[in-house]
Amino acid sequence: RPSFDLIGSALLAMTLVTYAAAMTLGRGMSTLMAVLMLLGIVFGASLFVVAESRVQSPLVQLQLFRNHVLSSGFAMSALVTTVAMTTLVVGPFYLTGALGLNPATVGMVMTAGPLVAALVGVPAGRGVDRLGARTMTCAGLIAMTTGSLVLALIPAWTGVAGYVLPLVLTTAGFATFQAANNTAVMASTDPA
């Protein structure tokens with residue numbers, strides 16, 4: 001019976017806590033403290049990788065990353081998710097600063113993204129089944145790229161509609177990409 005990876009869990013928890021502290025407290029830190037926290041994150045992550053390669057039942061089976069489809073799928077997912085999450089972080093500042101919306105209206109406008117993601121998920125999955133993961137991955141990435149470029153270049157005079165329409169395109173592309181990428185990654189891994 002596999003045992004619980006206590007060492008890996010502790011190292012992962014400490015590294016993630018250090019990362020979270022660095023991200024939330026970073027603005028008020030001295031340069032020395034920021035460098036020390038960064039080194040702590042790198043050191044903790046390195047120890048985690050070493051520990052995972054030596055325990056009997058690791059949290060993360062490192063040999064899985066030898067699979068090119070899995071590794072590239074994880075890397076692409078991290079990059080695409082970063083772009084999608086950036087719209088959630090930057091969007092409220094744009095909507096209040098550039099468009100002068102009040103917080104309640106900003107909240108209503110920001111719901112467009114999650115709503116679209118929820119509605120696009122099932123059709124995207126069906127599209128993956130019909131057209132294949134590669135085609136739908138490309139379609140999702142093209143939609144996200146187009147939406148993101150329009151978000152970056154659209155003038156403020158277009159108002160809320162000028163923000164929501166490219167956001168909808170970006171979010172629909174994100175949901176499509178995730179459905180296709182997750183399918184490709186799962187199909188490339190061994191059931192065990």
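**Exercise 1. Place the threonine T176 in its surroundings.**

Start with the polar contact: the T176 side chain lies 2.8 Å from the backbone oxygen of A172. Such a contact is a pair of N or O atoms within 3.5 Å; within protein, one must be able to donate a hydrogen and the other to accept it, and residues adjacent in sequence count only if both atoms are side-chain atoms. The model is predicted: local features need pLDDT of at least 70, side-chain atom pairs count only at pLDDT 80 or more, and totals for chains, interfaces and linings use all residues. Numbering runs from 1 along each chain as its sequence is written, and side-chain values use heavy atoms, without hydrogens and water.

Next, the element. T176 sits in helix α7 (residues 159-188); helices are DSSP runs of H or I, at least four residues, numbered from the N terminus.

Then burial. T176 is buried, at 11% relative accessible area; buried means under 20% (1.4 Å probe, protein chains only).

Last, contacts (heavy atoms within 4.5 Å). Not counting residues up to four places away in sequence, T176 touches V120, A124, M136 and G140.

**Exercise 2. Repeat the steps for T15.**

The T15 side chain reaches the backbone oxygen of L11 at 2.8 Å. T15 belongs to helix α1 (residues 6-25). T15 is buried, with a relative accessible area of 11%. Leaving aside neighbours within four places in sequence, T15 contacts I41, G44 and A45.

**Exercise 3. Describe the largest nonpolar core.**

A nonpolar core joins buried Ala, Val, Leu, Ile, Met, Phe, Trp, Tyr and Cys residues through side-chain atoms within 4.5 Å. The largest has 11 residues, among them L95, L99, M110 and Y163. Helices α4 (103-110) and α7 each give two or more residues to this core. Finish with L99: beyond its neighbours within four places in sequence, L99 is in contact with Y94, A156, G159 and V160.

How values were computed. Buried means under 20% relative accessible area, exposed over 50%, partly exposed in between (1.4 Å probe, protein chains only).
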